Amino acid sequence: GKSALIPQIMKKDVLLSYPFENIKSFINLLNEAARDDSVVSIKMTLYRLADKSQIVDALVDAAENGKEVVVLVELRARFDEQNNIDWSERLEESNIEYSRKPEEAGCRVIYGLNGYKVHSKLCLISRKTDKGVSYITQIGTGNYNEKTSALYTDLLLITANQEIGKEAAEVFAALLKGEVVEKSNLLLVAPKCLQNRVLDMIQEEIDQVKQGKEGYIGIKINSLTDK
């Protein structure tokens, strides 16, 4: 049989690079978490899903197994923002053929933040252990989409770093309250803790070089519109 992923991630971070590597590893992790007795919750931001989403199937399984499942569905990723309509009804009736609807399984579905597009690709798996809560966090640049993961270059980091897990938990707590993250330490979270932090980091490298030390900036982005 396949070796369990959670114990491996507890020992060592995993970085997947699409399309060179397959999203299947991440889907396997979600399926494992859905069945693992130590897992108490899975929280996730869903931006664009594939038509028959294995991600949704895994989340539905988790909810049916009694785990707390919270998903933020970003409606602005799909629909005309001007349409003043009942988003949730539209989601139900839209041509997204979920094999099963997450709401029916008892997942908690929230819809974005007022005035913002939630573009994060963040997943937090919380487990209860002898030592208290233990987090596995996945942070990625690509959508949770089996189709596009085979086409686009994206990175996906899975880590058991507990500090990152705690911050991810704070991000989800803010999203559930409909608020933006005001301050962060490790994660760069727009709109308040991304651009300013990146500029600070760039400045740090400039200062290093001015002091005669080594400096390096490597950036990979889709596009840059900021003046």
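**Close-up views of the predicted model**

**View 1. A salt bridge within one loop joins glutamate 182 and lysine 192.** Glutamate 182 is exposed, with a relative accessible area of 52% (exposed is over 50%, buried under 20% and partly exposed in between, for a 1.4 Å probe and protein chains only). The structure is a predicted model, in which local features need pLDDT of at least 70, side-chain atom pairs count only at pLDDT 80 or more, and totals for chains, interfaces and linings use all residues. Residues are numbered from 1 along each chain as its sequence is written, and side-chain values use heavy atoms, leaving out hydrogens and water. The partner of glutamate 182 is lysine 192, with the closest N and O atoms 3.1 Å apart (a side-chain nitrogen of Lys or Arg within 4 Å of a carboxyl oxygen of Asp or Glu). Both residues lie in the loop between H6 and H7, so the pair ties together parts that are 10 residues apart in sequence. Lysine 192, at 38% relative accessible area, is partly exposed.

**View 2. A salt bridge along helix H6 joins glutamate 163 and lysine 166.** The closest N and O atoms of this pair are 3.5 Å apart, and the two residues, being 3 apart in H6, are separated by about one helical turn. Glutamate 163 is partly exposed at 45% relative accessibility, and lysine 166 is likewise partly exposed at 43%. The count of salt bridges in the model comes to 2.

**View 3. An open sheet of 7 strands has mixed pairing.** Its strands follow the order E1-E7-E6-E5-E2-E3-E4 (DSSP runs of at least two E residues, with helices as H or I runs of at least four, numbered from the N terminus; pairing needs at least two DSSP bridges). At the edges are strand E1 (14-18) and strand E4 (108-110), each of which pairs on one side only, while the twist averages 10° from one strand to the next. Strand E7 (residues 154-159) runs antiparallel to E1 and is joined to E1 by 5 bridges, with serine 17 standing opposite leucine 155.

**View 4. Helices H2 and H6 pack on the sheet.** Helix H2 (residues 24-35) lies across E1, E2, E5, E6 and E7, running at about 140° to E2 (N-to-C directions of lines fitted to C-alpha atoms, for helices over the stretch in contact, on a scale from 0 to 180 degrees). Helix H6 (residues 162-177) touches E2, E3, E4, E5, E6 and E7, and its direction makes about 80° with that of E6.

**View 5. The largest nonpolar core holds 36 residues.** Phe26, Ile42, Met44 and Ile55 touch the most other members (buried Ala, Val, Leu, Ile, Met, Phe, Trp, Tyr and Cys residues joined through side-chain atoms within 4.5 Å). Among the elements that give two or more residues are helix H1 (5-11), H2, E2 and helix H3 (54-64), and H3 gives the most, with 7. Leaving aside neighbours within four places in sequence, the contacts of methionine 44 (heavy atoms within 4.5 Å) include Phe26, Ile55, Leu59, Cys123 and Phe172. A second, separate core of 18 residues includes Leu113, Val118, Ala168 and Phe172. Cysteine 123 is buried, with a relative accessible area of 1%.

**View 6. Serine 41 is a buried residue of strand E2.** At 4% relative accessibility, serine 41 is in contact with Glu68, Leu124, Ile125 and Ser126, its neighbours within four places in sequence being left aside.

**View 7. Cis peptide bonds precede proline 19 and proline 191.** The bond from tyrosine 18 to proline 19 has omega near 0°, and proline 19 sits in the loop between E1 and H2. The bond from alanine 190 to proline 191 has omega near 5°, and proline 191 belongs to the loop between H6 and helix H7 (195-210).
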